Amino acid sequence: MAALAVARRAAARKCARGLTSEARTVPMIIDGKKQASQGTTFFDVHNPATGELIARTPQCTPAELKLAANSAAEAFRSWRTTPPSSRARVMHKLEGAIRDNTDAIAKTLTEEQGKTIADAKGDIFRGLEVVEMSCGIPSMLQGETLANVANSVDVHSYRVPLGVCAGIAPFNFPAMIPLWMFPPAVTAGNTYVMKPSERVPLSSIMLAELAMDCGLPPGVLNVVHGAHDTVNFLCDNEHIRAVSFVGGNAAGAHIYERAGRNGKRAQCNLGAKNHAIILPDADPVSVVNQLVGASCGAAGQRCMAISVAIFVGKSQELIPKIAEEAAKLKVGPGNDPATDVGPLISAQAKSRVEQLIQSGVDEGAKLHLDGRQPAVPAANKDGYFVGPTIFSQVKRGMQIYDQEIFGPVLACVEASSFDEAIKFINDNPFGNGTAVFTRSGAAARKFVDEIEAGQVGVNVPIPVPLPMFSFTGNKKSILGDLNFYGKAGVNFYTQLKTVTSAWRDDGHIEKLSTAGVGAV
């Protein structure tokens with residue numbers, strides 16, 4: 001096992017080194033083999049910190065996509081009958097392999113996505129927690145039994161895999177989101193077709209290779225690439241029974257509708273607008289530090305970022321201090337250990353965030369800290385950087401409030417009462433996450449009871465549940481009624497089978513019980 005780990009680390013380092021020398025075409029993984037696509041359309045993968053072209057993602061051909069689905073369907077025939085404990089052992093090995101290769105994966109992730117190394121390792125670790133959870137899935141597949149529901153009739157139910165499932169991942173968490181998807185699915189007995197974001201496919205390829213090194217059989221996990229054509233294929237293909245998606249609202253609505261029309265299950269995590277309420281009794285040091293990190297960490301490119309802070313009463317006196325602390329964050333390339341805020345994913349994302357900042361100024365919000373055109377090293381002059389930005393006097397109807405910015409921008413709102421602040425949040429159509437900062441247990445309990453968002457933090461700004469629970473965003477932040485990971489995730493990837501048995505042939509039982517009696 002130790003020798004295998006060393007070999008895996010060496011392979012991962014070789015992969016990471018190869019990315020910086022010249023742009024290469026990202027391979028598919030079909031039936032356990034890395035393959036070059038014959039597609040002629042490509043999506044460029046740029047290092048967001050430099051603008052350098054580091055890889056090209058192919059649009060897989062229709063024949064290649066069908067080959068991947070067929071491979072997964074064929075692999076399901078034997079994988080579904082593999083004992084659950086054997087499937088879980090693959091996840092145990094994968095957990096160790098990811099830990100062994102975290103540095104190499106983080107280096108690749110930072111290069112393709114732009115995150116700081118610390119954020120990249122956090123991305124990997126939060127996905128690793130789902131791999132750990134998946135090791136316990138066999139016990140979640142147990143069913144229920146009721147004996148003698150009628151004379152000599154017994155009923156029992158248990159969970160069985162669906163078949164081939166598919167995952168469509170976003171750009172902002174290249175490791176975590178794929179690890180939300182395929183480990184629970186395959187441990188439950190399904191096979192999987194994974195489509196990473198065409199902007200950040202390299203980390204997913206590394207994770208899939210590690211899974212195969214750890215014993216995942218050929219065809220159980222296939223990786224394909226592309227944009228709309230690939231998404232539509234996954235929604236339409238007759239072998240695929242369920243589709244998981246994390247990303248934008250328009251794409252999610254399309255996937256949910258199209259997959260549903262074709263009789264598939266779908267779980268789609270969509271956009272968000274996460275609010276925090278700061279009450280006057282909150283610890284000021286904690287509020288300042290946590291709001292700066294929750295709004296600017298990962299360059300604001302996360303669906304659980306706090307992008308709106310509502311200050312009740314005199315707590316608004318903290319806003320200048322938040323701007324002061326945010327201004328101390330260092331903007332730069334993710335591979336610099338001193339960097340606090342890395343680049344956005346693309347030049348288009350940078351332009352959009354800058355335009356939204358300008359709209360805030362034009363629409364009357366007060367700009368305390370302007371993150372446009374931050375100082376960065378000369379080597380990163382072509383990178384896609386926007387620094388921490390803090391607004392106050394933000395109102396509903398302003399673009400910086402109504403839109404999900406997906407950048408390091410905090411919009412501060414003033415409220416005269418706790419009730420007004422709660423209503424302000426509940427009036428928002430999204431319901432991913434929210435938080436309250438207070439020293440009052442009664443106030444915290446009121447908030448938890450009355451707030452509508454699905455994931456609630458009390459003095460915790462980003463309350464993403466650990467995988468023994470499930471990711472429970474609600475309202476317009478999700479389409480589908482079964483959430484990611486935890487018990488809900490296992491239920492999404494399985495279905496109940498109920499067996500009713502009757503054994504009433506008393507004469508046959510008597511014959512069996514007297515067989516051989518009197519024989520010499």
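1. In this predicted model, I205 sits within helix α8, which covers residues 202-213. With a relative accessible area of 4%, I205 is buried, and, once residues up to four places away in sequence are set aside, its contacts are V26, P27, I29, V223 and H225. For orientation, T110 lies 95 residues from I205 in sequence, and the C-alpha atoms of these two residues are 15 Å apart in space.

2. Helix α3 (residues 84-100) packs against helix α7 (residues 176-187) at an angle of about 150°, and the two axes are 9 Å apart. Since angles over 145 degrees count as roughly antiparallel, α3 and α7 are therefore roughly antiparallel to each other. On the α3 side the contact is made by R87, A88, M91, L94 and I98, and on the α7 side by L179, F182, P183, V186 and T187. By residue class, this contact of α3 with α7 comprises eight nonpolar residues, one polar residue and one charged residue.

3. Which residues have the most contacts inside the largest nonpolar core? They are L94, I98 and Y192, in a core that has 63 residues. Helix α7 gives the most to this core, with eight residues. L94 and I98 also appear in the α3 part of the contact with α7, so a reader inspecting the helix pair will meet two of the three residues named for the core. A second core, separate from this one, has 40 residues and includes F171, A299, M398 and Y401.

4. Helix α3 also holds E95, and this residue deserves a careful look, because its relative accessibility of 18% is under the 20% limit and E95 thus counts as buried. Leaving out residues up to four places away in sequence, E95 touches L128, V131 and E132, so that a glutamate is listed among the contacts of this buried residue. G127 is 32 residues from E95 along the chain, with a C-alpha separation of 9.9 Å.

5. M181 lies in helix α7 and is buried, with a relative accessible area of 0%. Beyond residues up to four places away in sequence, M181 touches G167, I168, A169, Y192, M194, S244, F245, V246, F484 and Y493, a list that includes both tyrosines discussed in the next point. In contrast to these contacts, A502, which is 321 residues from M181 along the chain, has its C-alpha atom 39 Å from that of M181.

6. How many aromatic pairs does a search of the whole structure find? The search finds nine. One of the pairs is formed by Y192 and Y493, whose ring centres are 6.1 Å apart and whose planes stand at 70°, so the pair is edge-to-face. Y192 belongs to strand β9 (residues 191-195), whereas Y493 is in the loop between α17 (486-492) and β23 (494-502), so the pair ties together parts that are 301 residues apart in sequence. Both partners are buried, Y192 with a relative accessible area of 0% and Y493 with 2%.

7. The surroundings of Y192 can be listed in full: apart from residues up to four places away in sequence, Y192 touches C165, A166, G167, M181, F182, A185, V186, V220, L221, N222, S244 and Y493. Among these, F182 and V186 also belong to the α7 side of the contact with α3. Elsewhere among the aromatic residues, ring pairs link W180, F471, F484 and Y485 into a cluster, and F484 of this cluster is also one of the residues that M181 touches.

8. Two backbone values merit checking by the reader. Q373 is not a glycine, yet its phi is positive, at about 55°; this residue is in the loop between β15 (366-369) and β16 (389-392), and with 75% relative accessibility Q373 counts as exposed. N459, likewise a residue other than glycine, has a positive phi near 60°. N459 is found in the loop between β20 (455-458) and β21 (474-475), and it is partly exposed, with a relative accessible area of 33%.

Definitions and conventions
Residues numbered from 1 in each chain as written. Predicted model: local features only at pLDDT ≥ 70, side-chain atom pairs only at ≥ 80, totals over all residues. Heavy atoms only, no water. Axes fitted to C-alpha atoms, helices over the stretch in contact; angles between N-to-C directions. Helix = DSSP H or I, 4+ residues; strand = E, 2+ residues; numbered from the N terminus. Parallel < 35°, antiparallel > 145°, perpendicular 65-115°, else oblique. Contact = heavy atoms within 4.5 Å. Nonpolar A, V, L, I, M, F, W, Y, C, P; charged D, E, K, R; others polar. Core = buried A, V, L, I, M, F, W, Y, C linked by side-chain atoms within 4.5 Å. Buried < 20%, exposed > 50% of the residue type's maximum accessible area, 1.4 Å probe, protein only. Phe/Tyr/Trp six-rings, centres within 6.5 Å; stacked < 30°, edge-to-face > 60°.
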